[in-house]
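Reader: I'm new to this structure and would love a close look at one part of it. Could you walk me through the aromatic rings and how they pair up?

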Amino acid sequence: MNTAMTQPAAAAAMPGHAMPASRVLRAYAMEAKYETLRMLRAPAFAGPFLLLPVVLYLLFAVLLFGADIGKDPRGALLTFMGFSVLGVMGPGLFGFGISVAMEREQGLLKLKRALPMPAAASLVAKLLMSMVFVAIVMASMAAAAPFGHLRLTATQLLSLTFVNVLGALPFCAMGFLVGCVSSGKAAPAFVNLFYLPMIYLSAILLPLPKSLQWIALLSPAFHLDQLGLAAMGEASHGSPAIHVLVLAGVTIVFTALAQYRLARIG
């Protein structure tokens with residue numbers, strides 16, 4: 001290790017030698033850059049999570065139900081919102097859940113802790129990678145919106161994109177916890193236990209029966225959907241402050257549980 005490390009890197013790794021702020025920021029930036037490139041170059045990850053939301057939106061809002069949605073502006077908006085939130089959920093849940101589980105299993109997280117780099121750089125890089133994926137999804141959804149009989153202003157689209165990019169946080173936290181409690185092979189199944197029921201039970205794509213509508217209030221996807229509507233100045237259920245509190249609470253609780261688990265078992 002001593003021969004592989006440069007003198008400045010070795011000095012920074014020694015106790016009492018703090019790394020300069022510029023090098024800390026550069027370490028975070030480089031880790032985020034290469035984590036994003038790594039996931040963009042993984043067809044099994046980038047393909048479904050970048051293309052699936054807009055492809056499904058075009059299938060349902062244009063090809064299958066375009067005539068009906070064209071007569072229902074509110075239905076067109078809710079359909080767009082539902083598939084947008086679907087695009088937010090995937091990168092955080094699967095990107096964090098499977099990557100962290102695999103890196104834990106292979107010992108890569110322990111190796112990175114031993115390197116002269118900020119301890120949180122690897123996790124922050126995954127978080128930023130998820131946000132980049134959400135921004136790309138929102139760009140594709142914005143381009144497809146006119147085909148779904150939806151006319152949104154630039155301000156509305158920017159507000160929704162801002163909310164959805166930050167809205168990746170609770171799903172990253174949930175994926176982080178899954179990655180800390182499951183093995184690499186089991187992680188996809190555990191993530192799907194969150195992902196698939198949440199798509200239906202949050203009522204972002206299909207309305208729930210009246211007797212089950214209370215379940216949607218437990219889902220971060222529902223609160224993100226409603227917060228996005230509020231950010232665009234459209235009618236929504238509940239208070240935006242409550243939606244923010246729920247999303248922040250989910251992020252804090254799941255992150256704390258994941259960190260506790262990671263500190264105990266590595």
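Author: Let's start with a term: a residue counts as buried when its relative accessible area is under 20%, and as exposed when that value is over 50%, with partly exposed in between. Keep in mind that this is a predicted model.

Searching the whole structure turns up 10 aromatic pairs. One of them joins F45 and F49, whose ring centres sit 5.0 Å from each other with 55° between the planes, a tilted arrangement. Both residues belong to helix α3, which runs over residues 43-64, and they are four residues apart, about one turn of the helix. Are these two rings buried or exposed? F49 has a relative accessible area of 13%, so it counts as buried. F45 comes out at 9%, so it is buried too.

Now for another pair, F60 with F65: this one is stacked, at 6.3 Å centre to centre and 15° between the planes. Here the accessibility reads otherwise. F60 has a relative accessibility of 31%, so it counts as partly exposed, and F65, at 42%, is also partly exposed.

Back to F45 and F49: ring pairs link them with F94, F133 and Y195 into a cluster. For some context, an unreviewed UniProt entry annotates transmembrane regions, among them residues 44-65, 77-102, 123-145 and 190-208. The 190-208 span is 63% helix and 0% strand, and its end C-alpha atoms lie 24 Å apart. Another span from that annotation, residues 241-260, is 100% helix, with 28 Å between its end C-alpha atoms.

Note on methods
Residues are numbered from 1 along each chain as its sequence is written. This is a predicted model: local features need pLDDT of at least 70, side-chain atom pairs count only at pLDDT 80 or more; totals for chains, interfaces and linings use all residues. Side-chain values use heavy atoms; hydrogens and water are left out. UniProt positions are given in the numbering used here, feature names are shortened, and annotations may be inferred rather than shown by experiment. Helices (H or I, at least four residues) and strands (E, at least two) are DSSP runs, numbered from the N terminus. Rings of Phe, Tyr and Trp (its six-membered ring) pair if their centres lie within 6.5 Å; planes under 30 degrees apart count as stacked, over 60 as edge-to-face and the rest as tilted. Buried means under 20% relative accessible area, exposed over 50%, partly exposed in between (1.4 Å probe, protein chains only).
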